[in-house]
Amino acid sequence: MPLIPQTKINNIKKSKYMMLGSHNSWSFLPVRKWWMKPLAFMARCQSVDIRKQYELGVRCFDLRLRLCDDGVVRVVHGPIVYDALVGHIRDDIKWLDGKGD
């Protein structure tokens, strides 16, 4: 199958035909527990924060949350729990909402 030239891709109205998304969008965050560190490389799908992902064209974000044993809702990817509280995520979502697209 031939590749589509970049010039043709740049001329497509992306909002009409495609949407770029990121898998486990908040997995750039550090893991919460020390014992998760050796496994983190398998769960880390993103290396840049939400604002950078947005700047790179991402418009669909994958957010996975779990109510953890400590009674706090946290970002997760499978058994890996990330060190971010809902307030941090709320700030990211508020920023994204302000972008208007």
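Helices in this report are DSSP runs of H or I with at least four residues, and strands are runs of E with at least two, both numbered from the N terminus. On that basis the protein chain has five helices and five strands, and from the N terminus on these elements follow the order α-α-β-α-α-β-β-β-β-α. The structure is a predicted model, in which local features need pLDDT of at least 70 and side-chain atom pairs count only at pLDDT 80 or more, whereas totals for chains, interfaces and linings use all residues. Residues are numbered from 1 along each chain as its sequence is written, and side-chain values use heavy atoms, with hydrogens and water left out.

## Surface and burial

Accessible areas come from the Shrake-Rupley method with a 1.4 Å probe, and for residues only the protein chains shown count as cover. The accessible surface of the protein chain comes to about 7,400 Å², of which carbon and sulfur atoms hold 59%. A residue is called buried under 20% relative accessible area, exposed over 50% and partly exposed in between (1.4 Å probe, protein chains only); buried residues make up 30% of the 101 residues in the protein chain. With contact taken as heavy atoms within 4.5 Å, residues 24 or more positions apart account for 56% of the contacts in the protein chain with a separation of 6 or more.

## The nonpolar core and a surface patch

In soluble globular proteins, nonpolar side chains tend to be buried together. A nonpolar core is defined here as a set of buried Ala, Val, Leu, Ile, Met, Phe, Trp, Tyr and Cys residues joined through side-chain atoms within 4.5 Å. The largest such core has 20 residues, and those with the most contacts inside it are Trp26, Phe61 and Tyr82. At least two residues of this core come from each of α3, α4 (50–55), β2 (58–61), β4 (73–77), β5 (80–81) and α5 (86–99). Leaving aside its neighbours within four places in sequence, Phe61 is in contact with Ser22, Ser25, Trp26, Ile50, Gln53, Tyr54 and Leu96.

Nonpolar side chains also gather on the surface, where Trp34, Trp35, Leu39, Phe41 and Met42 form a patch with about 660 Å² of accessible area together. Patches are made of residues with over 30% relative accessible area and no salt bridge, like charges being joined within 9 Å and nonpolar side chains (Val, Leu, Ile, Met, Phe, Trp, Tyr) within 5 Å. Leu39 of this patch lies in the loop between β1 (20–22) and α3 (40–43) and counts as partly exposed because its relative accessibility is 33%.

## Salt bridges

A salt bridge requires a side-chain nitrogen of Lys or Arg within 4 Å of a carboxyl oxygen of Asp or Glu, and by this rule the count comes to four. Three of them are listed below.

| Acidic residue | Basic residue | Closest N to O |
|---|---|---|
| Asp70 | Arg32 | 3.0 Å |
| Glu55 | Lys52 | 3.0 Å |
| Asp70 | Arg74 | 2.9 Å |

Salt bridges that share partners join Arg32, Asp70 and Arg74 into one network. The side chains of Asp70 and Arg32 meet in a salt bridge; this pair links distant parts of the chain, with Asp70 in the loop between β3 (65–67) and β4 and Arg32 in the loop between β1 and α3, 38 residues apart. Asp70 is partly exposed because its relative accessible area is 40%, and Arg32 is likewise partly exposed at 30%, while Arg74 is buried, with a relative accessible area of 7%. Lys52 and Glu55, by contrast, both lie in helix α4, three residues apart, about one turn of the helix; Lys52 counts as partly exposed at 32% relative accessibility, and Glu55 counts as exposed at 59%.

## Individual loop residues and cysteines

Asn24, found in the loop between β1 and α3, has a positive phi of about 50° although it is not a glycine, and it counts as buried because its relative accessibility is 3%. Arg44 lies in the loop between α3 and α4 and is partly exposed at 35% relative accessibility. Not counting residues up to four places away in sequence, Arg44 touches Ser27, Phe28, Leu29, Pro30 and Tyr82. The C-alpha atoms of Arg44 and His23, 21 residues apart along the chain, are separated by 9.6 Å.

A disulfide is a pair of cysteine sulfur atoms within 2.5 Å, and a search of the whole structure finds zero disulfides. Cys45 counts as partly exposed at 31% relative accessibility, whereas Cys68 is buried, with a relative accessible area of 13%.
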